[in-house]
Amino acid sequence: MKNILPHDGELYLVKRFYQQVEADQLFAVLLQGLAWQQESIHLYGRWLKVPRLMCWYGDKQAQYKYSGVNHLPLPWTKALLAVKQKIESIYPCQFNSVMANLYRNGDDSMGCHADNEKELGSKPLIASLSLGEQRLLKFRHQHSQQVFDVVLRHGDLLIMAGEIQQNWRHELPKTKKRVGERINLTFRWVIVC
Ligand SMILES: O=C(O)CCC(=O)C(=O)O
Ligand SMILES: [Mn+2]
């Protein structure tokens, strides 16, 4: 696999990891079958709704803090386990949890961040599957502010590895285009203390 990041980390894009028909089926199963919720975060003294729906699945011990709150994982569904196993079969990796994001339209987004929580370790390996509408993922280098864009399409798998989270931040910006729903699954290994 070829590293597509210019420097300071590793990024691999596996286009069409799921082909059209399988990706369509998986999208429908996840949209209907996952426990989507809109979280709120406490910011500057106010509660704000996060602009997307989310849910967290995984092994029982894989607790994870997001939106300022500790979340217990929901138990793996059959569909999520099958995706996890398919990823683990093409790349040397192992996951104990997955964060699912549902972007309902172009107003839904994810702000600039790095997945650098201490529960993920110093060089987290994160595999991210995109389904549904195509959206842009923007990487910004922490120091040089260099920008690197990746278009994520239906069925694409993106793997973030090495020092990417230490050196780059990423965001899924809003778009003015009329776009439909997109599901993203980010598989992670949460270190259990
Ligand atoms: O939706 C995406 O592609 C990005 C998701 C993401 O960065 C995350 O869940 O940490
Ligand atoms: Mn992220």
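This passage describes the sheets, the helices, the nonpolar core and the ligand surroundings of a predicted model.

Residues are numbered from 1 along each chain as its sequence is written, and chains are lettered from A and ligands numbered from 1 in the order in which they are written. Because the model is predicted, local features need pLDDT of at least 70 and side-chain atom pairs count only at pLDDT 80 or more, whereas totals for chains, interfaces and linings use all residues.

Helices (H or I, at least four residues) and strands (E, at least two) are DSSP runs, numbered from the N terminus; two strands pair if DSSP finds at least two bridges between them. One open sheet consists of six strands in the order E1-E12-E9-E14-E7-E4, with antiparallel pairing. Strand E1 (10-14) and strand E4 (53-58) occupy its edges, and each has a single partner strand, so one side of each is left without a neighbour in the sheet. From one strand to the next, the twist averages 15° (axes are lines fitted to C-alpha atoms, for helices over the stretch in contact, and angles run from 0 to 180 degrees between N-to-C directions). E1 and strand E12 (residues 157-161) run antiparallel and are joined by five bridges, with leucine 157 of E12 as the bridge partner of valine 14.

Two helices lie across strands of this sheet. Helix H1 (residues 20-33) crosses strand E9 (126-132) and E14, at about 95° to E9. Helix H2 (residues 78-90) lies across E4, E7, E9, E12 and E14 and runs at about 60° to E14.

A further open sheet has four strands in the order E8-E13-E10-E11, again with antiparallel pairing. Its edge strands, E8 (110-113) and E11 (147-152), each pair on one side only. E8 and E13 are joined by two bridges: histidine 113 stands opposite histidine 170, and methionine 110 stands opposite leucine 172. Strand E10 (residues 135-141) is linked to E13 by four antiparallel bridges, and histidine 141 has tryptophan 168 as its bridge partner in E13. Along E13, Trp168, His170 and Leu172 point to one face and are buried, while Arg169 and Glu171 point to the other and are not. A residue is buried if 20 or more other C-beta atoms lie within 10 Å of its own, exposed if 12 or fewer, and partly exposed in between, with C-beta atoms placed from the backbone.

The largest nonpolar core (a set of buried Ala, Val, Leu, Ile, Met, Phe, Trp, Tyr and Cys residues joined through C-beta atoms within 7 Å) has 39 residues, of which Val98, Ala100, Leu131, Leu157, Ile183 and Leu185 touch the most other members. Alanine 100 lies in strand E7 and counts as buried because it has 21 C-beta neighbours inside 10 Å. Its contacts (C-beta atoms, placed from the backbone, within 7 Å) are Leu34, Met54, Cys55, Tyr57, Ile183 and Leu185, not counting residues up to four places away in sequence. With the same exclusion, leucine 131 touches residues including Ala23, Leu26, Phe27 and Ile183.

Ligand 1 is surrounded by Met99, Asn101, Met110, Asp115, Ser128, Leu137, Leu152, His170, Leu172, Asn184 and Thr186, a residue being near a molecule or strand if its C-beta atom, placed from the backbone, lies within 6 Å of it. Strand E7 (97-103), strand E13 (168-172) and strand E14 (182-188) each give two or more residues to this shell. The shell comprises five nonpolar, five polar and one charged residue, where Ala, Val, Leu, Ile, Met, Phe, Trp, Tyr, Cys and Pro count as nonpolar, Asp, Glu, Lys and Arg as charged, and the others, Gly among them, as polar.
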